[in-house]
Amino acid sequence: MSPSVPIPTRRVFSGAQPTGAMHLGNYLGAFRNWVRLQQSYECLYCVVDLHAITVWQDPKTLADQTRRAAAAFIAAGVDPKRSILFNQSQVAAHSELAWIFNCVARVGWLNRMTQFKDKAGKNRERASVGLYVYPTLMAADILAYKATHVPVGEDQKQHLELTRDIAARFNQDFGAEVFPLVEPVIFGPGARVMSLRDGTKKMSKSDPSDASRINLTDDADAIARKIRRAKTDPEPLPDSATGLEGRPEAANLVGIFAALADRTVDDVLGEFAGKGFAEFKNALAELAVATLGPITEEMLRLERDPAVIDRILADGAERAAAMAAPVLAEVRHVVGFLDPRHGRR
Ligand code: AQP
């Protein structure tokens, strides 16, 4: 009989896919918040390569992309001693629990997921089954550790709801309080950084235009150039946030400024109201270079020594696997699987 694993009070799980160069959106929407959460939560941060392969990834580059993602986490301030930093495919519990959750989640629930519709687009029939069940793997990522809190961007809110539904359904079906109902942690400005070329589209690794995003590996010149060339409108900056309505590109740049400076949008507009974009963009470029410069430098330093990253990830995987093992033992018991240690239940 497996003892039930107590539900922790403040445990965070979050991750990022190694699908390309990490960018300012990942930093402001995720990594920076992860660093802050380390102060008051027990944290697990994961390079989610099982999620990445739901769309085609070149096997020749995936391992390096994984190392680069881990380097970005660390350079942004994730402390691999304090938090557990690891690579999803190195901990088998994620895949095992995901399968069990595939048998708990309902097709109707997955059919409602807007991210699948967005990512599969018109080619729905040709999308991988993995892309369709992506949210059940996400639920497994979180619940394999009984994590209680997940920092999420707007786009992941629906998936987190599904994680709660799966946890509740599992607990109800099996008549045991195994999983917590995870809570979202939502942060302020920077929650959604948009493309520099189109203020209605999310800044994204997979956008074919490199000018659409600021990569965390861009040097000062590239950052300044991309900001100077960012799409804007001909109007001067308004004096309050309401004046940004219907101006997605202007709203995005002011939002980025506010997030980088840790100020409110109204406060930033108080300084720049009535000024043109040329002046504002110069100030934004200076601020972005000052904030991202040390991160870029640290990423490049870490990338020169892949063995160090590999050791950090191996250590993280060992700690994560040790934390997930008793949870999976409890799940197997509750589901009714034969216990290999005793030969019977
Ligand atoms: N533009 C963004 N603004 C704010 N937060 C963002 N995140 C990603 N883009 C933005 C947050 O970063 C974390 C890791 O995301 P991910 O890499 O796992 O997946 P994603 O959201 O699909 O990121 P991309 O760049 O758009 O990747 P592709 O192009 O591969 O799909 C998450 O917390 C996410 O919210």
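This is a short dialogue on reading the domain contact and the ligand surroundings in a predicted model.

Reader: Happy to start with the overall layout. Which residues belong to domain 1 and which to domain 2?

Author: Begin with the assignment and check whether a domain is one stretch or several. Here domain 1 is given as 11–189 + 305–335, while domain 2 is 210–301. Taken over C-alpha atoms, the centres of the two domains are 30 Å apart. In the contact, domain 1 takes part with 16 residues and domain 2 with 16 residues.

Reader: How much area do domain 1 and domain 2 bury between them?

Author: A good habit is to read the area together with the atoms that make it up. Between domain 1 and domain 2, about 1,300 Å² is buried, and 72% of that is on carbon and sulfur atoms.

Reader: And the polar side of things: how many residue pairs are in polar contact between domain 1 and domain 2?

Author: There are 4 such pairs, counting those with both residues at pLDDT 80 or more. On the side of domain 1 that touches domain 2, helix 1 (24–37) and helix 3 (59–76) each supply at least two residues. Helix 1 gives the largest share, with 6 residues. By type, this side of domain 1 has 11 nonpolar, 1 polar and 4 charged residues.

Reader: Which side chains meet in a salt bridge there?

Author: For a salt bridge, look at the nitrogen-to-oxygen distance, then at where the partners sit along the chain. The count between the two domains is 1 salt bridge. Arg 36 and Asp 262 form a salt bridge through their side chains, at 3.0 Å from N to O. In the structure as a whole there are 20 salt bridges. Arg 36 belongs to helix 1 and Asp 262 to the loop between helix 11 (248–261) and helix 12 (265–272), so this pair ties together parts 226 residues apart in sequence.

Reader: Now the ligand, please. How many residues surround the ligand, and which are the closest?

Author: List the neighbours, then pick out atom pairs. The ligand is surrounded by 20 residues, the closest being Val 193, Lys 202, Ser 204, Lys 205 and Ser 206. A nitrogen atom of the ligand lies 2.7 Å from a backbone N or O atom of Val 193.

Reader: What lies 2.9 Å or 2.8 Å from an oxygen atom of the ligand?

Author: Notice whether backbone or side chain is involved. For Gln 17, a backbone N or O atom is 2.9 Å from a ligand oxygen. For Thr 19, a side-chain N or O atom is 2.8 Å from an oxygen atom of the ligand.

Key:
Residues numbered from 1 in each chain as written. Predicted model: local features only at pLDDT ≥ 70, side-chain atom pairs only at ≥ 80, totals over all residues. Heavy atoms only, no water. Domains from an automatic or database assignment. Contact = heavy atoms within 4.5 Å. Buried area = accessible area lost by both parts, 1.4 Å probe. Salt bridge = Lys/Arg side-chain N within 4 Å of Asp/Glu carboxyl O. Polar contact = N/O pair within 3.5 Å; in protein donor to acceptor, adjacent residues only side chain to side chain. Helix = DSSP H or I, 4+ residues; strand = E, 2+ residues; numbered from the N terminus. Nonpolar A, V, L, I, M, F, W, Y, C, P; charged D, E, K, R; others polar. Near = heavy atom within 4 Å.
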